[in-house]
Amino acid sequence: MTRIVLPRGVRRMLFSTVGVAGLFTAVMGFAHTPSGRPLLRWMGMSMPQAASAAGCPLGYDVKQSPEQKEAARMRFAASNRGESPALARPALGFDLEGTTRESLLQWAEAHGVKCTVPRSQGDLDCEDVPAALFPGLKREAAIRNLWVTFGADDRLVSVIAVSRAVDPEPISATFREANATLATLAGPPMKQAGDGSVEELRQGLLRQASAEYRFQDFYALTRVTNMGDGFVLTEEYRALPKLAARELPSP
């Protein structure tokens, strides 16, 4: 059994009130990757009362029904929706609410990318996606895990990408280019913390930078984290359900 002992300083940071949400997202995102599964097992042992039979301590490995997924999507939108529509909804070159499950699987097969049905984290998990498959996005970091979720009509509604590298340079460069693309195509971020530079990321364990984009019909989040033995970039791109006319803000 793999034993993971978190240093005292890390434990203090994980349970401090400052940055808990950001650290949680980064750590949980990494824990659900192949490299992070020992950490996931450690979390399950640390919180046995919350662990499911499949091993996730917070129940993220429980498959949801289409109705449950749509209800969760509505709740997320209610909490994270912005006031104005996005200029566009960039999502790593995929078309939110346009790309179908069939067309994404055809794309993966054509490029030798293996996609499986995961226990959690979306409807498909596509592993080890080369940066070269995203021309024009200037990515330097490959995607370790690409989790995609489809709506009731089998069209893409969310993309979560996790990239990891030993050195900060490719992660920092990809983080910055992702934000440049989002700001140009969708609009400026609602919230930003840090610049994600190599110098900033090298400042210490769990050092982070992030940017959050909230629009009426689109949500995106980019976050980069120093994990101690490497650097992780998490990207989220979500289509938000359309508002009814009576729910639209007054001009």
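Start your tour at helix H4: its buried residues pack against strand E4 (156–165), strand E6 (208–214), strand E7 (218–226) and strand E8 (231–239). Keep in mind as you click around that this is a predicted model.

**Stop 1: helix H4**

Select residues 66–80 to see the whole of H4, which has 15 residues. From its first C-alpha to its last the helix reaches 21 Å, close to the 21 Å expected at 1.5 Å a residue. Now colour Arg73, Ala77 and Asn80, which are buried. Look down the axis of H4 and you'll find its buried residues within an arc of 85°, so they line one face of the helix. Which exposed residues sit on the face of H4 turned away from its buried side? Pick out Glu67, Arg75, Ala78 and Ser79 there.

**Stop 2: zoom out**

Switch to a cartoon of the protein chain, and you have seven helices and eight strands to look at. The chain has 251 residues, and 45% of them count as buried. Turn on a surface next: the chain exposes about 13,000 Å², with carbon and sulfur atoms supplying 54% of that. How far apart in sequence are the residues that touch? Taking contacts between residues at least 6 apart in sequence, 57% join residues at least 24 apart.

**Stop 3: the largest nonpolar core**

Hide the surface and show side chains for Leu92, Phe94, Val129, Leu146, Phe218 and Tyr237. Of the 32 residues in the largest nonpolar core, these six touch the most other members. To see where the core comes from, colour the elements that give two or more residues to it: helix H5 (101–110), strand E2 (124–129), strand E3 (143–150), E4, helix H6 (168–185), E6, E7 and E8. E3 gives the largest share, four residues.

Centre the view on Leu146. Leaving aside neighbours within four places in sequence, Leu146 is in contact with Leu92, Phe94, Leu124, Asp125, Cys126, Val129, Val159, Ile160 and Ala161. There's also a second, separate core, made of nine residues; among them are Ala141, Ala165, Phe175 and Ala209.

**Stop 4: the disulfide**

You've just met Cys126 as a contact of Leu146, so select Cys126 together with Cys115. How many Å separate the sulfur atoms of Cys115 and Cys126? They are 2.0 Å apart, and the two residues form a disulfide. The count for this model comes to one disulfide. Cys115 lies in strand E1 (residues 114–116) and Cys126 in strand E2, 11 residues apart, and the pair links distant parts of the chain.

Rotate until you can see the S-S bond: the torsion about it is about 105°, so the disulfide is right-handed. Are these cysteines buried or exposed? Cys115 has 19% relative accessibility and counts as buried, because the cut-off for buried is under 20%. Cys126, at 0% relative accessibility, counts as buried too.

**Stop 5: Gly196**

For the last stop, find the loop between strand E5 (191–193) and helix H7 (198–201), and select Gly196 in it. This glycine has 0% relative accessibility and so counts as buried. What is around it? Setting aside neighbours within four places in sequence, Gly196 is in contact with Ser172, Phe175, Arg176, Leu201, Ala209 and Val224. Two of those names, Phe175 and Ala209, belong to the second core from stop 3. Finish with a distance check from Gly196 to Arg207: 11 residues apart along the chain, they have C-alpha atoms separated by 9.3 Å.

Terms used
Residues numbered from 1 in each chain as written. Predicted model: local features only at pLDDT ≥ 70, side-chain atom pairs only at ≥ 80, totals over all residues. Heavy atoms only, no water. Buried < 20%, exposed > 50% of the residue type's maximum accessible area, 1.4 Å probe, protein only. Contact = heavy atoms within 4.5 Å. Areas by Shrake-Rupley, 256 points an atom, 1.4 Å probe, with all protein chains shown as cover. Expected span 1.5 Å × (residues − 1). Arc of directions from axis to C-beta. Core = buried A, V, L, I, M, F, W, Y, C linked by side-chain atoms within 4.5 Å. Disulfide = S-S within 2.5 Å.
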